[in-house]
2 protein chains.
Amino acid sequence: MNLLDDDLTIDIAELFKIFGDSTRIKIINVLLQNELCVCDIASKINISQSAVSHQLRILKQAKLVKYRKEGNCIIYSLSDDHVKKIFLLGCEHINEL
Amino acid sequence: MNLLDDDLTIDIAELFKIFGDSTRIKIINVLLQNELCVCDIASKINISQSAVSHQLRILKQAKLVKYRKEGNCIIYSLSDDHVKKIFLLGCEHINEL
DNA sequence: TTTATATATGAATAGATGTTCATATATAAA
DNA sequence: TTTATATATGAACATCTATTCATATATAAA
């Protein structure tokens, strides 16, 4: 791995910035187990529907979560294995401190 | 991996928050190759000495970097392999997007 | 169609964060 | 001791960010 150019360092920082909020981490954490609709996420992590929805938008824009409609619910899940990997590596680091 | 409690989710978010700034990512990136003193870091990434020093303090508090004195220089390096792992996983994710 | 439920979103606000500037501290060199 | 160099740090400032509140939109049920 050589020196990264500035654009790439900004992209990487932007990625980690998304993981750098406890509401988003809680969302990712509950989605590790199951896909869930917005109101179930909100009640599981005890954060308002509006706040969850705002944060899901950020996770969606960063392509860290995907979603599908079912009736009048919208069911979210993690996009891919990378999200889980990054999350678990973070956990691991914390556990070793 | 089960549901994390709130304290742990906050710790994990705090960890990623540290990686979520482009100045700090640039610092980590140059330290991947070699240990470096503050002014060399500053000149390599083209950020003021003061800003670098402030950010090194944050990295130090999070135990992501360590340092040693040599003459009147202070030489910084990454604390352990976890930092590198997390950084590289971030790179990988970016490269695949 | 009316009502209820689920989700999204804009505006406002409070709090957090990164940089700069000035300066303090510490070590080395003269 | 004086001067120069390296680093750290506090204050101020501007910017960013997450939440709340109110409300819009959309789908389902009655």
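In this predicted model, the buried residues of helix H1 of chain A pack against partners in both protein chains. Within chain A, those partners are helix H2 (22-33), H4 and helix H5 (81-96). From chain B come helix H1 (6-19), helix H2 (22-33) and helix H5 (81-96).

Which residues of H1(A) are buried? They are Thr9(A), Ile12(A), Ala13(A), Leu15(A), Phe16(A), Ile18(A) and Phe19(A). A little helix geometry is handy when you look at that list. An α-helix has 3.6 residues a turn, so residues three or four places apart point the same way. H1(A) itself covers residues 6-19, which makes 14 residues. From its first C-alpha to its last it reaches 21 Å, close to the 20 Å expected at 1.5 Å a residue.

Now let us look at the core. In soluble globular proteins, nonpolar side chains tend to be buried together. Here, the largest nonpolar core has 42 residues, and the members that touch the most others are Phe16(A), Ile27(A), Phe16(B) and Ile27(B). Phe16(A) is also one of the buried residues of H1(A). What does Ile27(A) touch, leaving aside residues up to four places away in sequence? Its contacts are Ile41(A), Ile45(A), Val52(A), Gln55(A), Leu56(A) and Leu59(A).

Next comes the meeting of the two protein chains. Chain A brings 32 residues to the contact, and chain B brings 31. On the chain B side, the elements that give two or more residues are H1, H2 and H5, with H1(B) giving the most, 10 residues. By class, this side of chain B holds 18 nonpolar, 7 polar and 6 charged residues.

Finally, there are two DNA strands to explore. Around strand D, the elements giving two or more residues are helix H4 (49-61) of chain A, plus helix H3 (38-45), helix H4 (49-61) and strand S3 (73-78) of chain B. Around strand C, the list is helix H3 (38-45), H4 and strand S3 (73-78) of chain A, plus H4 of chain B. The table sets out the two surroundings.

| DNA strand | Residues around it | Closest residues | Element giving the most | Classes |
|---|---|---|---|---|
| C | 22 residues | Cys37(A), Val38(A), Cys39(A), Ser50(A), Ser50(B) | H4(A), 6 residues | 7 nonpolar, 12 polar, 3 charged |
| D | 22 residues | Thr23(A), Cys37(B), Val38(B), Cys39(B), Ser50(B) | H4(B), 6 residues | 7 nonpolar, 12 polar, 3 charged |

Try finding Ser50(B) in the structure: Ser50(B) is among the closest residues to strand C and also among the closest to strand D.

Note on methods. Residues numbered from 1 in each chain as written. Chains lettered and ligands numbered in written order. Predicted model: local features only at pLDDT ≥ 70, side-chain atom pairs only at ≥ 80, totals over all residues. Core = buried A, V, L, I, M, F, W, Y, C linked by C-beta atoms within 7 Å. Buried ≥ 20, exposed ≤ 12 C-beta atoms within 10 Å, placed from the backbone. Contact = placed C-beta atoms within 7 Å. Near = placed C-beta within 6 Å. Helix = DSSP H or I, 4+ residues; strand = E, 2+ residues; numbered from the N terminus. Nonpolar A, V, L, I, M, F, W, Y, C, P; charged D, E, K, R; others polar. Expected span 1.5 Å × (residues − 1).
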